[in-house]
Amino acid sequence: MLNPVSDLTASVPSETVTLLYRPAKGKDALACWLAIPSNMSAGTSPLVAVHGIRRGAKQQAELLAPRAAALGRPIIAPLFDKVNWPAYQQVVRGKRADLALLDLMTDLRLAGTWQSRSFELCGYSGGAQFAHRFAMLYPQLVTRLTVASAGWYTFPDNAAFPYGLNETSGKAGHWGPRIAAGLQQFLEIPIQICVGEEDCVSDPNTRQSAEIDQQQGVDRVTRARRWSMALQQAASDRGLQAEIKLSILPDCGHDFQDCVQYGGLDRLILPDNGGAASEHSQLYHPQPETVLSAKQS
Amino acid sequence: MTVLTPIALNTLDQAKWAFSTRRVSRQDAVCMLDMLSYATSGDLVLGRVERIGSHKKIQLAAGRASELYVGDLVVLACGDRYAPDQFEGLAELDPEGADMLAGGGVLGRMRHRHAKMSAPTRIIPLGLLANSAGKAINLADYALEKVARPDGLKVIGVVGASMNSGKTTAVAGLAHGLSRAGHQVAAIKATGTGAFGDFNAFVDTGARYVADFTDAGMVSTYRQPLLRIETGLDTLLAHAKRDGCDVAVVELADGVFQKETADLLKKPQVRDGFAGIVFAAPDALAAAGGCSALRALGVEPAALTGMVSCSPLGAAEAEAATGVQVVTRGTLCDPAQANALLAQMLAKHGRHALQVSEVGVAA
């Protein structure tokens, strides 16, 4: 019997949170779900939560809403719909998903949803792919990054983009070197990497090829481990004291709700200290990695 | 003997105040001095339009252009001007008539003009505007408070092969791209002649802070002491930082052979203050020549842009000749690409600083 870390009913605090759907305002614009707490103070840094390929933006806003209320922080869950954004995970492939998110954030700033200069970013599965690549492109915008259960990653190595940061032929050829230019600043972001303990078998949605399997491993747990080690090594090579932490969520497979309810993902994304990334994160050491115990939380 | 003439009520309200005078408190002008031959750069002049020439409009302090008519009263600043494809002139006033050297409000004596230019618009100087103490009003009296160059502001320089090579477009593109990427951007014109074209182009980008040398008290930087220009740049950067900016994009006017621009780039404290330099060129040959000139000054351009970037063939030639990447206006306006260009500059600048430091230790 699973023992939920986050009892959604019990954890809803006295402060209220309003869940809103904001339609897209234009042809290439994004719709989004918003969780707006009643006790939000001016200048509070928002959390941008990006869904996976099931497009569960509403689910992300709903499941993170109790933490939003507890911390008085707004949640912005953009919706990359399947028709217009089939490859949003890769950010710069096809239509530019990064520009769409920037435009949405500008609109929401005008609407008063957020006022800070930067925001925290998290993503689950395909959203985690988007989140880490967006943060690599705009490290100055992201104050804390949570990458949960990504199927695969852009590594800080010489593999061809999008697997690594090397130049490739074709339209997206220059993006690797562009991202590489800002890698140091990216590595200075506190990064929380999470993956379900049972998310260790590849499924039809896991990208497979000899190249990626050799570089990253065959399943999400292995890939998360290798990416976190690669980031740590890249930071170390640059003399950085990086805040990179890998958390293996117990009793969780590849399901966002399970990761929140049983793995405490919501508290890893939005810790009690307001997102300074210190409660759950510490300087990452490859072994032993953190396995959250349901009883601990 | 100096003659002080009180200004009749409402006379100055009727005058067209040029853009270069935008910082001046108009109520301070209560009388006129007749010492026109003693005018210096930045002194305010009340004049009457005698003949319409090349400049048919005046750029107003309010930010719009106004049609000029013979007989119009105008308030301009006495100043020098350097513009190879327009006029070159000095900050000298002839009581019989002076030349409108720039539409932004520069009055002086024309020495040279480009073959395409007709004669300048002629202005009869009626007197220098003076304050209640009888002192000539100068733009410097209204300059921003002088402040030392700030730390922690990332500064990108934009220089070019000549006038109209694409510098302003490059500054505007970068300012827009970086602003959209979430940076708090200052767009600054450090040298040149007071005019609202570039200023307004910078404002349109969404930059957080926009300023030019007139905010540092100069109507034009041509023939100004280098220290004054450098201090002006430092002041504008400091005010940008105070306003919350983290990145500044700075345009140096005209070409790299223009004296003040070249002298600025020769100064290590100015040159090394730039995280990177973008060079705007009209064609591949100018790009190659400009890169050579910059390298001779110890500056390695981070990117080439300008009209050469509009031509894929020209861009390929320029890249082959210089080894420097060519970036289009679209690239500069793209937030991710502008961000990457800034990061590339900072990475190289950091390495350069390290090398300089290592040399110092070894010595």
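What mean pLDDT does chain B have, and what percentage of its residues score at least 70? Chain B averages a pLDDT of 93, and 96% of its residues score at least 70. The model is predicted, and colouring by pLDDT is a suitable opening view.

**Confidence along the chains**

With chain B coloured in this way, select residues 353-363 of chain B, where the pLDDT is below 50. Beyond near neighbours in sequence, this stretch has zero contacts in the model.

Turn next to chain A, whose mean pLDDT is 87, with 87% of its residues at 70 or more. Two stretches of chain A merit separate selections. Over residues 275-288 of chain A the pLDDT stays under 50, and the model has 33 contacts for them beyond four places in sequence. Over residues 291-297 of chain A the pLDDT likewise stays under 50, here with 13 contacts beyond four places in sequence.

**The interface of chain A and chain B**

Display both chains and select the residues in contact across them: 16 residues of chain A meet 15 residues of chain B. The two chains bury about 1200 Å² between them, and 51% of that area is on carbon and sulfur atoms. On the side of chain A, select Arg117(A), Gln140(A) and Arg178(A); these lose the most area to chain B, together 42% of what that side buries.

Now show side chains. Two salt bridges are counted between chain A and chain B. One of them can be found by selecting Asp103(A) and Arg180(B), whose side chains meet at 2.9 Å, N to O. Across this interface there are also nine residue pairs in polar contact, with both residues at pLDDT 80 or more.

Which elements of chain A give two or more residues to the side that touches chain B? They are α3 (97-110) and α5 (175-181) of chain A. By class, the residues on this side of chain A divide into nine nonpolar, two polar and five charged.

**Two backbone details in chain A**

Remain in chain A and select Phe161(A) and Pro162(A). A cis peptide bond joins these residues, with omega at about 15°. Pro162(A) is located in the loop between β6 (142-148) and α5 of chain A.

Then select Arg55(A), in the loop between β3 (47-50) and α2 (57-71) of chain A. The phi of Arg55(A) is near 60°, a positive value in a residue other than glycine. As background to both selections, most residues other than glycine have a negative phi, and most peptide bonds are trans.

**The two domains of chain B**

Hide chain A and colour chain B by domain: domain 1 covers 4-142 and domain 2 covers 154-362. The C-alpha centres of domain 1 and domain 2 of chain B lie 30 Å apart. Their contact takes 31 residues from domain 1 of chain B and 22 residues from domain 2 of chain B.

Domain 1 and domain 2 of chain B bury about 2000 Å² between them, with 57% of it on carbon and sulfur atoms. Four salt bridges are found across this interface. To view a salt bridge in chain B, select Asp80(B) and Arg223(B), whose closest N and O atoms are 3.1 Å apart. The count of residue pairs in polar contact between the two domains is ten, with both residues at pLDDT 80 or more.

On the side of domain 1 of chain B that touches domain 2, the elements giving two or more residues are β7 (73-78), β8 (81-82), β9 (87-90) and β11 (106-113) of chain B. Of the elements on this side, which gives the most? Select β9(B), which gives three residues. By class, this side of domain 1 of chain B has 13 nonpolar, ten polar and eight charged residues.

**A final selection: a salt bridge between strands**

Over all chains, the count of salt bridges comes to 31. For the last stop, select Asp99(B) and Arg122(B), which form a salt bridge with their closest N and O atoms 2.8 Å apart. The pair links distant parts of the chain: Asp99(B) is in strand β10 (residues 98-102) of chain B and Arg122(B) is in strand β12 (residues 122-130) of chain B, 23 residues apart.

Methods:
Residues are numbered from 1 along each chain as its sequence is written. Chains are lettered from A and ligands numbered from 1 in the order in which they are written. Side-chain values use heavy atoms; hydrogens and water are left out. Contact means heavy atoms within 4.5 Å. Buried area is the accessible area (1.4 Å probe) that two parts lose on being put together, summed over both. A polar contact is a pair of N or O atoms within 3.5 Å; within protein, one must be able to donate a hydrogen and the other to accept it, and residues adjacent in sequence count only if both atoms are side-chain atoms. Helices (H or I, at least four residues) and strands (E, at least two) are DSSP runs, numbered from the N terminus. Ala, Val, Leu, Ile, Met, Phe, Trp, Tyr, Cys and Pro count as nonpolar, Asp, Glu, Lys and Arg as charged, and the others, Gly among them, as polar. pLDDT is the predictor's confidence in each residue, from 0 to 100. Domain bounds come from an automatic or database domain assignment.
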